[in-house]
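This briefing is for a reader meeting the structure for the first time. Please look over the sequence and the model before reading on.

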Amino acid sequence: MLLINTIKNKLRLSYRKKRWPGLIHAYKDYLPVTLNTPIVSLNEGNTPLILSNSISQLIGNGTKVYLKYDGLNPTGSFKDRGMTMAISKAKEEGQQAVICASTGNTSAAAAAYASRGGLKSYVLIPEGYVAQGKLAQALMYGAEIISIKGNFDKALEIVRELSTKYPIELVNSVNPYRIQGQKTAAFEIVDDLGHAPDWLCIPMGNAGNITAYWLGFQEYLKIKRNLKLPIMMGFQSEGSAPLVNNIIVENPETIATAIRIGNPVNREKAIQVKKESKGDFQSVTDEEIINAYKILAKEGVFCEPASAASVAGLIKNKNRIKKESTIVCVLTGNGLKDPDCAIKNNDAIFRKNVEPSLQDISKILGY
Ligand code: F0G
């Protein structure tokens, strides 16, 4: 008994290993930091790679579908990966303020990391199109919020201009340090699986994340010599699909407000990723997004609608997938970010105004 307990204890400790130090410390050999970089971290990264039984079954043919649940980062989205780098470098360079345009998640992450690092943050958001949770975060973390009567693309145009005119660091994904931080998600996937997946399915807005993942897989290929690179599958909403259709969308519309972007700044880089990885860009309808959002939640994984686009896209490609493939769908943000969407789009039984009576409730339960 004593021996068994000792073994169990050792196993538990080996699972926990050391306290996760945050992604810059964990991957600093592969990131542009020096001993002089003041690392601003909330111990981000190290998010779970969850095997989805229901989606694997749905795809069939022995396919294994994993979910990279980046909604479990400190501010609830993958943006924390990029922001720990961008804010640390801004601080190293002596900047005192940062600025970004955002559909919500970037603003939450920028506000949190700027506050943690002692920097001022300004965020421009499209009025009426930022999910409640994200807005609450920016308010709480201490950003100065400017809500504009225009969309994300207009906001980005303005912050880019402001950052060239004034001593304010731009922390949107045009900032190269953002991409550097975000590439670590690809490292984690390879570390977890022991190899790269056959396909990586990812939602695209400004296309910074798909660029970052590709960079990460390529860099790890050199280091780890794992034998293959994934096919990169980028998904957009039908009403907001500038990369799929190779156009600028003047008035993008989608339920997935996080990716409501009509003119992605990383367009050229994304096209390169598609070419190099022999991947594809496709659109999914809001209906398909909500369907995937519900499938994920039924298995206990609650993500925001934009994130569900990766799974919606995968489902659309069911017949193109080779036997026994390994696929990773990136879930970029937490479902709690957008409670309104969940409350409006669910199949739950929700009985209201019920009397607090044992008899009545037993009857409802069918006893
Ligand atoms: N998923 C979520 C939840 C996002 O918030 C974003 C982008 C994306 C996917 C797309 O990533 O832009 O790198 O292609 N959100 C940005 C923001 C635009 O302001 O929070 P991308």
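The notes below cover the cavity, the ligand and one of the pockets.

The model is a predicted one. A search of the whole structure finds one cavity of 30 Å³ or more. The ligand takes up the space of the largest cavity, and the protein buries 99% of the 470 Å² that the ligand exposes when taken alone.

**The largest cavity**

- The largest cavity holds about 300 Å³ of space.
- Its lining is made up of 24 residues, and those closest to the centre are Phe78, Lys79, Gly205, Asn206 and Ala258.
- Three helices each supply at least two residues of this lining: helix 5 (105-117), helix 8 (176-182) and helix 10 (208-224).
- Helix 10 gives the largest share of the lining, with three residues.
- Sorted by class, the lining of the largest cavity has ten nonpolar residues, twelve polar ones and two charged ones.

**The shell around the ligand**

- The ligand is surrounded by 20 residues, of which Ser102, Asn105, Asn206, Ala207 and Thr332 are the closest.
- Helix 5 and helix 10 are the elements that give two or more residues to this shell.
- The shell around the ligand divides into eight nonpolar, ten polar and two charged residues.
- Asn206 appears both among the residues closest to the centre of the largest cavity and among those closest to the ligand.

**Polar contacts of the ligand**

- Which atoms of Asn206 and Ala207 lie 2.7 Å from an oxygen atom of the ligand? For Asn206 it is a backbone N or O atom, and for Ala207 it is a polar backbone atom.
- Thr332 instead uses its side chain: a polar atom there is 2.7 Å from a nitrogen atom of the ligand.

**The second largest pocket**

- The second largest pocket contains about 250 Å³ of space.
- Residues lining this pocket include Asn151, Asp153, Lys154, Leu156, Glu157 and Arg160.
- Ile248, Val249 and Glu250 also line the second largest pocket, as do Asn263, Pro264 and Val265.
- By class, the lining of the second largest pocket consists of five nonpolar, two polar and five charged residues.

**In short**

- The ligand occupies the largest cavity, with 20 residues around it.
- Two charged residues belong to the lining of the largest cavity, while five belong to the lining of the second largest pocket.

How values were computed:
Residues are numbered from 1 along each chain as its sequence is written. This is a predicted model: local features need pLDDT of at least 70, side-chain atom pairs count only at pLDDT 80 or more; totals for chains, interfaces and linings use all residues. Side-chain values use heavy atoms; hydrogens and water are left out. On a 1 Å grid over the protein atoms alone, a cavity is a set of points where a 1.4 Å probe fits but cannot get out, and a pocket is an open set with protein on both sides within 12 Å along at least five of seven lines; lining residues have an atom within 4 Å of a point. Grid points are joined across faces, edges and corners, and a volume is the space filled by probe spheres set on the points. Ala, Val, Leu, Ile, Met, Phe, Trp, Tyr, Cys and Pro count as nonpolar, Asp, Glu, Lys and Arg as charged, and the others, Gly among them, as polar. Helices (H or I, at least four residues) and strands (E, at least two) are DSSP runs, numbered from the N terminus. A residue is near a molecule or strand if one of its heavy atoms lies within 4 Å of it. A polar contact is a pair of N or O atoms within 3.5 Å; within protein, one must be able to donate a hydrogen and the other to accept it, and residues adjacent in sequence count only if both atoms are side-chain atoms. Accessible areas come from the Shrake-Rupley method with a 1.4 Å probe; for residues, only the protein chains shown count as cover. A molecule sits in a cavity or pocket if more than half of its atoms lie within 2 Å of its grid points.
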